[in-house]
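Trainee: Could you take a close look at one part of this model with me, and then walk outward from there? I'd like to hear how the pieces connect.

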Amino acid sequence: MRAVVAIRYGGPKVLQIVERPEPVVGPRDVLITVRAASLNPLDFKVRSGKAKLALPLPTPVALGCDVAGVVARVGAEVTRWKVGDEVFARLEKLRMGGLAELAVADEQVVAAKPRTISFEAAAAIPLAGLTSLQALRESAAMTSGQRVLIHAGAGGVGSLAIQIAKILGLHVLTTTSTKNIDFVRSLGADEVIDYTRETLDATPHDLDAVFDTLGAASELASIRATKRGGTVVGVGGLPDGAFARAWLPAWARPAVWMLTTRRRRAATRAGVRFVYLFMRPDGAQLAELAGWIDDKRLTPVIHRSYAFAEIHEAFAELERGRARGKIVVTISS
Ligand SMILES: NC(=O)c1ccc[n+]([C@@H]2O[C@H](COP(=O)([O-])OP(=O)(O)OC[C@H]3O[C@@H](n4cnc5c(N)ncnc54)[C@H](OP(=O)(O)O)[C@@H]3O)[C@@H](O)[C@H]2O)c1
């Protein structure tokens with residue numbers, strides 16, 4: 001089968017489409033004929049080696065976390081799926097390989113593909129949709145009527161987070177550049193901050209939470225903008241102690257502690273909880289997102305679709321960081 005791999009850690013040139021053996025199907029695994037996959041910044045962070053402390057994947061490393069396709073085979077103990085089912089999934093963290101003709105996943109992380117959308121649109125959902133749901137409902141424990149600021153509302157995560165926040169009954173502020181103001185409003189944002197003209201500190205926003213996808217560039221301002229007792233959920237910057245204990249080798253943990261001192265102190269001073277979220281694959285939550293899609297309450301946004309052979313162009317577009325929604329790759333038809 002053909003698969004996209006990074007032959008070693010490095011820049012765009014290490015990316016290749018290669019022939020690989022079919023994945024081994026364990027007793028609880030589902031083998032999926034991938035029809036479409038989507039890209040996430042994690043793919044270039046893994047390719048470059050930036051993520052290797054937390055995800056020590058041996059090279060050549062198969063890339064791609066999000067798939068939509070058709071079940072080709074199931075392991076002996078699989079009860080939920082059968083050959084021919086249309087499914088989608090955020091693959092397990094240490095078993096990437098979604099940018100391939102076949103991908104394998106534990107049955108627990110798989111969900112039935114939404115009936116009303118294409119494989120391409122379904123592939124745009126898992127990682128970004130689950131991150132958004134987990135950030136708002138679990139990490140920040142938000143409840144209806146509360147106010148949240150979602151950074152980068154036009155991006156792959158932001159474009160789903162705005163819609164999911166509205167489904168959860170939240171009042172949504174978002175940051176974006178001038179060209180995307182109408183777009184984020186069309187997704188449901190109640191208030192838009194044009195980051196090219198206005199800083200977050202300019203006005204008090206009385207926020208219960210900030211979902212910060214931007215990282216170091218904005219986390220301190222996010223903490224200042226959150227009211228006492230509120231939460232900032234970060235996904236794009238440095239992790240926190242809980243992540244370091246769970247995912248990093250012991251020798252790296254003191255460095256995380258040192259590097260996050262300013263953020264920790266700012267949060268303590270402001271009476272704000274900072275939580276780093278490392279999203280988790282979850283088939284049950286994915287099924288919930290699929291329900292919202294089929295009910296027309298949640299719409300995946302595709303920035304652009306690429307053919308499998310255009311994988312270098314697709315990664316280049318992802319790394320520009322200007323996508324409006326998700327970048328999708330068609331694997332087979
Ligand atoms: N920890 C986790 O589990 C987890 C999970 C998901 C994602 N993430 C991380 O979250 C980050 C975002 O992911 P993504 O998929 O949303 O990325 P993305 O789709 O590549 O983000 C692109 C978007 O960012 C916007 N943007 C860039 N600079 C901005 C700024 N200063 N203010 C507001 N918007 C800005 C751009 O809009 P304009 O063109 O309008 O500037 C563009 O629409 C990445 O670092 C990713 O690795 C982490």
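Mentor: Start with Ala 3, whose bridge partner in S2 is Val 18. Keep in mind as we go that this is a predicted model. That pair belongs to a longer run of pairing: S1 and S2 are joined by five bridges and run antiparallel. The two strands sit in an open, antiparallel sheet of three, ordered S2-S1-S4. S2 and strand S4 (61–62) are the edges, and each has a single partner strand, so one side of each has no neighbour in the sheet.

Now look at what those strands help to cover. Helix H11 (residues 311–320) has four named buried residues: Ile 311, Ala 314, Phe 315 and Leu 318. Viewed down the axis of H11, they fall within an arc of 95°, so they line one face of the helix. The cover over them includes strand S1 (2–6) and strand S2 (15–19), along with helix H1 (41–48), strand S15 (302–307) and strand S16 (326–330). Just after H11 comes Gly 321, with a positive phi near 75°.

There's another sheet to compare your notes with. Six strands make up this open sheet, in the order S11-S10-S9-S12-S13-S14, and the pairing is parallel. Its edges are strand S11 (191–194) and strand S14 (273–276), each pairing on one side only. From one strand to the next, the twist averages 15°. For a pair within that sheet, take strand S12 (residues 207–212) and strand S13 (residues 226–234), which pair in the parallel sense over five bridges. Val 210 is the residue to click on there, as it stands opposite Val 232 in S13.

Last stop, a helix pair. Helix H3 (residues 126–139) packs against helix H10 (residues 283–294) at an angle of about 95°, and their axes are 10 Å apart. Since roughly perpendicular covers angles of 65 to 115 degrees, that makes H3 roughly perpendicular to H10. On the H3 side, the residues that meet H10 are Pro 126, Gly 129, Leu 130 and Leu 133, while H10 brings Gln 285, Leu 286 and Leu 289. By type, the residues of this contact split into five nonpolar, two polar and no charged.

Terms used:
Residues numbered from 1 in each chain as written. Predicted model: local features only at pLDDT ≥ 70, side-chain atom pairs only at ≥ 80, totals over all residues. Pairing = 2+ DSSP bridges. Axes fitted to C-alpha atoms, helices over the stretch in contact; angles between N-to-C directions. Parallel < 35°, antiparallel > 145°, perpendicular 65-115°, else oblique. Contact = placed C-beta atoms within 7 Å. Nonpolar A, V, L, I, M, F, W, Y, C, P; charged D, E, K, R; others polar. Buried ≥ 20, exposed ≤ 12 C-beta atoms within 10 Å, placed from the backbone. Arc of directions from axis to C-beta.
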